[in-house]
Amino acid sequence: MIRSLGYFWELIKGSLITARHFVVNMWFHTLKLFGIKTKRRGAVTIQYPEQKKALASRHRSLQRLLKRQDLKPRCVSCMLCVTVCPSECIYVEAAEDPDPDIQKYPSTFIIDLSRCCFCGFCVEACPEDAIRMDTGKIDLAQSTRQDLIYDLDKLLK
Amino acid sequence: MACSKAWTRHVDEKILTEHFGLANLYEIEAYLERGGYRAVTKALQEMTPDGIMDEVKKAGLRGRGGAGFPAGMKWSFVPKTSDKPKYLCVNADEGEPGTFKDRYILTHNPHLLIEGIIIASFSVGIHAAYVYIRGEYEAVAQRLEQALAQAAQKGYLGKSILETGFDLDVFVHRGAGAYICGEETALLESLEGKRGHPRLKPPFPATVGLFQCPTVINNVETLANIPAIIQKGAPWFLDKGLAKDGGTRIFGVSGPVVRPGIYELPVGTSLREIIYTHAGGLKPGKKLKAVIPGGMSAPILKADEIDIKMDFDSLAGVGSMLGSAAVIVIDEATPILDVLKKVAKFYAHESCGQCTPCRIGTSWIHKIIKRMSAGHGEKGDVDELVRLASNIKGKTLCPMGDAASLPVLSLAQKFKNELESCLKDGSG
Amino acid sequence: MESAGMKIVIDDRPVEVEEGTTILQAAKQAGLHIPHLCFHPAFVPEGSCRICLVEIEGLPKLELACATAVRDGMKISTQSPRVREARRGVLEFLMADHPLDCPICDKAGECKLQDYYQEYGLFEGAFKEAKEKRDKIIKIAEKLILDRERCILCTRCVRFLSEITKTQELGVFRRGIHSEISTYEDAPVQNNYSGNLVDLCPVGAITDTEFRFKTRTWFLAQSESICPLCSRGCNIYVDYHPGFTRIPGTAKIYRIRARENLEVNGRWICDFGRYGFPSLEKDRGDKILWKKEGRDTIMSWEKILSLLAEKLRPRHRTKNTSNIAVVANTWMTNEELFLFKKIFKDDLGLKKIFFADPRPGSGDGFLLQAERTPNARAAKEMGLELNPVNLDDLSKNTDVLIIFGPFLADLHDPSSLKNDLDKIRTKVLVSSHRSGLESYVDFILPASGILEKTGSLTNRDGLVQKFSAVCPPCGDSRPEWSVLIELAKELRINAGYYSRLTQPEVILKEMGKEIAFFR
Amino acid sequence: MDIVIVLIKIVLALVWFLVLTLYLTWLERKESAVIQDRVGANRASIFGIRILGLFQPFADAIKMIFKEDFVPAFSKKFLHTLAPFLSFFFVAICITAMPFGNDIMVGGRTISLQIFDANVGLLFVLAMLSLGIYGILLSGWASNNRYSLLGGIRGAAQLISYEVALGLSLVGLIMVFPSLKLSEIVQSQGGLLFGFLPKWGVFLQPLGFIIFLFAALAETKRVPFDLPEGESEIIGFFTEYGGLKWGLFMMTDFMEIIIVSTLLTTLFFGGWQVPWLSADGFQFPWGGQWQMARWLVIIFQVLAFNIKVFFFCWLQILIRWTYPRFRYDQLMDMGWKLLVPLSLVNIVGTGLLLMVIK
Amino acid sequence: MIAGLSSELKKKIAEVVARYPKKEAAILPVLHLIQRETGAIGADEERWVAGLLEIRPIKVREVVTFYTMYHQKPVGRFHIQVCSNLPCSLMGGEKVIDHLQRRLGIKIGETTPDQRFTLSEVECLGACEQAPCMMINFDYYGDLTPEKIDGLLKGLD
């Protein structure tokens, strides 16, 4: 019983730590409030929409479809992304291109972002390097479900 | 004949080429004068078909087309009892670069061949023979047709030859420019009026051949040897050559030698002797680099390998082959890459396109060599050639795959250093 | 001579086979697959692809498995390093001349070349030269596209057309690396079996405009079924796409392929059957409707069946069934025809039983039959007379009419049909398809299409072939056998008997007890 | 007139109480943020004016008001609705007994800055706090969710356990300041001990203070003692609540913090008393004094009360953001095996001490 | 063109066809005969031959495209075929080709505008002993040198 009371001291120590943080941070906050610039800041928070952190080079963000030199989509609608997609958010319909070297192009290419889990498998699977997730767009919230359905035009932009 | 001079040159009097010097030997009268058709008379009137076959077997006559299969054996494979007609096909589709012996026989002494055909047909029981002659030999074919007509006139062909009741018709069939038709099954297909695609073996032509009937296919030179065997006997013939490989062979020598031409010499004559004694050695100022001993498909021999007996077994012993006994001499000034390029181009052009390794492999090899000779060779290309050639070798439907891969293999292996010096240096 | 068993050993597996068997067939018996591209069991071996090479003990060269007959005591190795190396070599050659466009190739996923590459290849391509350029989109038939770059010249197509259809529309032109499959001038492949070329092609060289670019093969569920479009009863594969959850209309049948059954159709099906499947999916009725006072009311199965039973039951009780007429068809399965006969002929004792079947077409002398209905034989075997519909007989003194199937509309012209049907008070239609009959009847019961139900069919030669459902029933529809059973239960005749018949298999067994033919 | 005055007092007290409650939510966010090197809520704005997120509570309130009023299926709708109101009510009523300052004279009237000065004020407060258990039990049961029910039962067990310690810890205090009247308790903390130390409860009853602090923290059901709720994993009694009703539970929580703070202030830290400040100004023990106007003194005192309350609110939030949760056996051990015996010891000790002094 | 076949040729063809147990087998000689008359085997000739031999035209086309000696398009009056294979090229076959190209002003595979000469490069002609050699129509010419070629060309016609 007595032995277990040892934690009371630890409790106090703990409070002192948090209190110290409070006091120190409060001090810098107060200084800032009065317009005094200090090297250290009271908080490490990044104020998101105004301040943005640089995205990692390997980040995955909104998909985009790449174009050929003649501005046709690079996609040959092989549907490997459709196959590999774990959340079944991609839908492709193919059509015949008059150019025999291309042959197949997507007449419909839909990514349903409300299902997308941004795993990036589609990018990995693509044999034509036609889809990438490097737009840097990560704030994708929309107010309707329909707005989250990205079609060929939107993805090619 | 626009250049009749060219048709006779440097002839050594022997079994086949004995009377080649005569300008009109192809006329039946001249031939009969020289003792022609005596063998036919002897065979048809004095011998039994089996007796002829035994004699030919004993004579150790091996096929002169390239593979060297004993001729007598080939005949004996044909079923004795068959309600189907049997056919003889004479392979005169001489397409192998370096080979021109059959042309000589056909032009100078067509009756010798006709005699051989009659005896062989009698022995096997054949009543129709086709001479498949390459399309380019139009003049030769005409001469043969003329000889056939003359023979028929004299009663050596047609119904009841020499009143023995034995019928035989011989037809000339011209090819139309496809090396592959020298392969016996492709020849059959071509003769049947189809694309010259080799057939799967078995069944062998001896049982299922032309028009699905038993068929014997022999080379011109092989059949041309038959009359001598019948007339002079197997021991005499065997004595001319080696124990298992009787008679003489017509060696065709081409390339930068003093006297290119054909030389009928006993089987087993050394290559050096052929080149230096008979063909007169290389032209002044040229130095021997290599020799292809048996037509383009034979693996090459380097200059220091020419002390070899020219017979099937000896050449097989050094990894080459006698083939059609066409000796192509290559001089020091010729880059091996050029030789390789010619070889590869020829086989890529002549592949029939039926089976995969030959169709794609030969063209692949040709593309690599073209690239190399255009100066874009890369490190490892020579090894790649060896690898590709070995992938073709032994994996194709017909022997053409081997024919295409063996020279490439031997060239790439024996002249590796020279070939690699043509590559871009560095890792390229 | 009695065919002596040949004892051979393939890959350490002893097998005993008949004389004349090829190594390939023997290996199949031993449960081994030897790769082959040009070989097809229906044709004489050609031996041109060179991928079926095997090693035979004692022979210096590798031999073809497709063309070499076994000899007693042969020891064969299909997987020795030499064999694998040779196959790899052949594959390397094939790949060197084959465009690596699997992503857009419709054969991908069921391509032999892909399969073999996975098993024997897996190398980095050593081919650095320029690939041969060839024509890629050649229309060789109304529905067939030839891609010469993908062609590996196995010539299966050529041989099919010369050996099976004997029409010889395709040939091999030129030679060597330039060899190519082609039609003569502008004479396309034009026979009723052209679709088989797609199945035959081991790679994606011949594709089918009906299937081309539509989907990828790995999305498809392959089901075994029976072609219902004529009385031959060809065995088929139906490739069904279960659909994308989010996109409506993606669940559908993409193609029909031939299934091997040497007794019935060999390895082929006709184009009429192959390309006829869209008609099975088109114009489907999927709602249970009662046209109460001219207004369509959507109903449930329980309600509509009890309504119907109420109309039929009193007549049955009073043995007054002469004013009931039924129209059946022979697109119904054996089980359905049996139940139909049981209920309407035996139990209700109806006299007015008619059959309305599709009009006969013309046969082609090979597989396609003039009789365009899959089960007429069964109806005959059951003792049902295939009386064609006579509208006068049908409508005379008839109060209740039950029509199975949509075919009545095709057989009679609309105005006389309407006139005669208007004389009947209660008209019921049990049909899988919309045909125009809907506007004349009061009750519409949607039936499942033939690919949506399980059962069996009897072909013209009397072969009973079972098949099972390819896809789920469309909308509210139900197979006719289940409709018939539920109706029988509602009628409360022989209730114990019908409630035992819960599955088509059970019904078939019951049929076997009663009709010797189906035993 | 008295009624008017009482009404005014009620309104003022409630406004004070509710505004403090609201801003305690803001404070909690901000304080935790500052402790954790963050910024905390600063987004809520009116026409773009943010002022440190001070509008956050209003945003929360609006959000909660507009959320769906959800009642689980098969639950008793009435009881389900009643529970949060009960909780809220019993805590809110406690404020009536709190003395905010000394009596003031307005227009010849003596007005105490306390709504209702019961002579059992302390017992009243304790009783009301205890009644809050009903809210918890009721919500747990009425939710028709076995996790909620378990949460409610855990809550009741915890609260009852700590109520004992809470009550006992104050016995010593009552013995020292022999009154249950909160105004009197505050008044009697006005003097000095040993001539310089304010005669605050904490100095007279240090052990009692500690026990009371722990027990009171447990009563608020917040983090180290949040077993009834345990939102992150064990799921508590108001799982099935949302919107305004859930908001009421949250407000109750914050109001309990305030009540506990006022109790701590009133009982142990001299309530509105300012050390050395008498009715006419400061009289420092080391001599010297500051004369002050009467109204200034009152303001000082009210201010002092507020500051003390505020401090304890701050302290409780600090504690909540410092410690991890107890395990249930530890909780029970501490309540029954530590705090109750200790408080008994405290009572006996205080009694003995008082006897000795008398 | 095919209608104008001389009766002599038709007789010859009938005789050739009779040599074979199956009519189809006569295709090669018949094509040779027709090509000699018409210069090339076009679709008309193919159909005619197919009709004659009771096979389908596609079979004729298969054969025509397989063998190098049949021309689908007419060649010049003098078809010069130069061997470029190994034995000939060892003796200077390439030089012959170069010379001919320069002399005739056409490349390999081309026909002179006056339709007199067509130049082809062929594989071995089977006259290696007289390398380098060439064939003008069906006549062989060996041991070629530029001077000899010039003389030959002059002597033609």
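Reader: Into which domains is chain E divided, and what are their bounds?

Author: The model discussed here is a predicted one. In chain E, the centres of the two domains, taken over C-alpha atoms, are separated by 29 Å. The bounds come from a domain assignment, and they divide chain E into domain 1 (7-66) and domain 2 (78-155).

Reader: Which pattern of helices and strands does chain E follow along the sequence?

Author: The C-alpha atoms of chain E fill a box of roughly 50 × 30 × 25 Å along the principal axes. Chain E contains seven helices and four strands, and, read along the sequence, these elements follow the pattern α-α-α-α-β-α-α-β-β-β-α.

Reader: What percentage of the residues of chain E count as buried?

Author: Among the contacts in chain E between residues at least 6 apart in sequence, 58% join residues at least 24 apart. For burial, the cut-off is under 20% relative accessible area. By that criterion, the share of the 157 residues of chain E that count as buried is 59%.

Reader: Which pair of chains has the most contacts among the pairs that touch?

Author: Some pairs can be set aside, since chain A and chain E are not joined by any contact and their closest C-alpha atoms lie 25 Å apart. Chain C and chain D do not touch either, with their nearest C-alpha atoms 29 Å apart. Five pairs of chains do touch, and the most contacts among them are between chains B and E.

Reader: How much area is buried between chain E and chain B, and which three residues of chain E supply the most of its share?

Author: The contact takes 61 residues from chain B and 41 residues from chain E. The area buried between these two chains is about 4,200 Å², with carbon and sulfur atoms giving 58% of it. Of the area that chain E buries against chain B, 17% is supplied by three residues, more than by any other three: Arg19(E), Phe66(E) and Glu129(E).

Reader: Which residue of chain B forms a salt bridge with Arg19(E)?

Author: Between chain E and chain B the count is six salt bridges, alongside 24 residue pairs in polar contact, both residues being at pLDDT 80 or more. In the salt bridge of Arg19(E), the closest N and O atoms are 3.5 Å apart, and the residue of chain B that takes part is Glu145(B).

Reader: Which element gives the most to the side of chain E that touches chain B?

Author: By class, that side of chain E has 23 nonpolar, eight polar and ten charged residues. At least two residues each are supplied by helix H2 (27-38), helix H4 (57-66), helix H5 (86-90) and strand S4 (139-141) of chain E. The element that gives the most, with five residues, is H2(E).

Reader: Which residues form the salt bridge between chain C and chain E?

Author: The contact of these chains takes 14 residues from chain C and 13 residues from chain E, and about 1,200 Å² is buried between them. Of the area that chain C buries against chain E, Gln168(C), Arg175(C) and Tyr184(C) supply 51%. The count here is one salt bridge, with its closest N and O atoms 2.4 Å apart, and the residues are Glu185(C) and Arg61(E).

Reader: Which strand gives the most to the side of chain C that touches chain E?

Author: Across this interface there are seven residue pairs in polar contact. Strand S8 (170-173) and strand S9 (180-183) of chain C each supply at least two residues of that side. The one that gives the most, with four residues, is S8(C).

Definitions and conventions:
Residues numbered from 1 in each chain as written. Chains lettered and ligands numbered in written order. Predicted model: local features only at pLDDT ≥ 70, side-chain atom pairs only at ≥ 80, totals over all residues. Heavy atoms only, no water. Contact = heavy atoms within 4.5 Å. Buried area = accessible area lost by both parts, 1.4 Å probe. Salt bridge = Lys/Arg side-chain N within 4 Å of Asp/Glu carboxyl O. Polar contact = N/O pair within 3.5 Å; in protein donor to acceptor, adjacent residues only side chain to side chain. Nonpolar A, V, L, I, M, F, W, Y, C, P; charged D, E, K, R; others polar. Buried < 20%, exposed > 50% of the residue type's maximum accessible area, 1.4 Å probe, protein only.
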